[in-house]
Amino acid sequence: MKSVSEPAMPRVGVPPARRRAVLVAAVAVWLYMPNRALALVNKARAAIKTVAPFDAATWASLLRQGPRPAAYVFTTTYCSTCPDAFDKLHAAVVASRQQVELAAVVMDVQGEHALTHARHYQGATRIYAFDGFEPEIRQAVDPKWRNVTPYVVLIGRSGTVQRTIGPPDAAMLKAWLS
């Protein structure tokens with residue numbers, strides 16, 4: 001502790017040129033990072049401009065020859081918990097730094113109308129919309145599924161299939177992405 005009578009330690013000055021360089025670097029980072037993040041968000045929004053139809057035969061095709069690993073989040077326009085489940089899944093995919101098919105399957109609108117709900121699924125690689133008789137399509141996906149959303153299906157690299165209602169837990173994600 002210093003007493004009032006002690007002189008202050010001499011201050012070692014930072015040269016003004018160095019101070020300006022540090023300040024300029026800090027401002028550049030401050031300006032660049034939000035713009036970079038905004039560009040990535042806008043890129044994700046602009047990436048999906050079409051909706052793929054999802055009928056009773058689509059699921060069999062995806063299981064047989066679809067991308068791996070892949071996650072399909074079955075959702076409806078009125079599902080309040082679906083965007084949150086999708087966001088948690090998207091965060092896990094981003095953290096894994098792997099190329100993963102991450103699709104939202106909107107069950108209660110057809111065709112391009114699903115794009116009006118795409119803002120809830122930022123980061124999706126594809127958006128599907130049910131095209132046909134909904135109970136038949138649901139039956140093709142999983143006969144035990146009782147139309148509760150969000151219904152998430154994870155397909156691993158080897159083709160293993162895991163299903164859950166709501167966001168997958170950590171153990172499921174680890175098994176899926178390994």
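**Aromatic pairs and a helix with a buried side**

A search of the whole structure, which is a predicted model, finds 12 aromatic pairs. One of them joins Phe-54 and Phe-74 in an edge-to-face arrangement, with 5.6 Å from centre to centre and 85 degrees between the planes. This pair links distant parts of the chain: Phe-54 belongs to strand β1 (residues 52–54) and Phe-74 to strand β2 (residues 70–75), 20 residues apart. Phe-54 counts as buried because its relative accessibility is 0%, and Phe-74 is likewise buried, with a relative accessible area of 0%.

Another pair has a different geometry. The ring centres of Trp-145 and Tyr-151 lie 4.3 Å apart and their planes meet at 10 degrees, so this pair is stacked; the cut-off for stacking is an angle under 30 degrees. Trp-145 is buried, at a relative accessible area of 3%, and Tyr-151 also counts as buried, at 4%.

These residues belong to a wider group. Ring pairs link Phe-54, Trp-59, Tyr-72, Phe-74, Tyr-128, Phe-130, Trp-145 and Tyr-151 into a cluster.

Trp-59, a member of that cluster, leads to helix α2 (residues 58–65), where Thr-58, Trp-59 and Leu-62 are buried. These three residues lie on the same side of α2, because they cover an arc of only 95 degrees around the axis. What covers the buried residues of α2 includes strands β1, β2, β4 (126–130) and β5 (151–155), together with helix α4 (134–141). On the face of α2 turned away from its buried side, the exposed residues Arg-64 and Gln-65 are found.

Terms used: Residues numbered from 1 in each chain as written. Predicted model: local features only at pLDDT ≥ 70, side-chain atom pairs only at ≥ 80, totals over all residues. Heavy atoms only, no water. Phe/Tyr/Trp six-rings, centres within 6.5 Å; stacked < 30°, edge-to-face > 60°. Helix = DSSP H or I, 4+ residues; strand = E, 2+ residues; numbered from the N terminus. Buried < 20%, exposed > 50% of the residue type's maximum accessible area, 1.4 Å probe, protein only. Arc of directions from axis to C-beta. Contact = heavy atoms within 4.5 Å.
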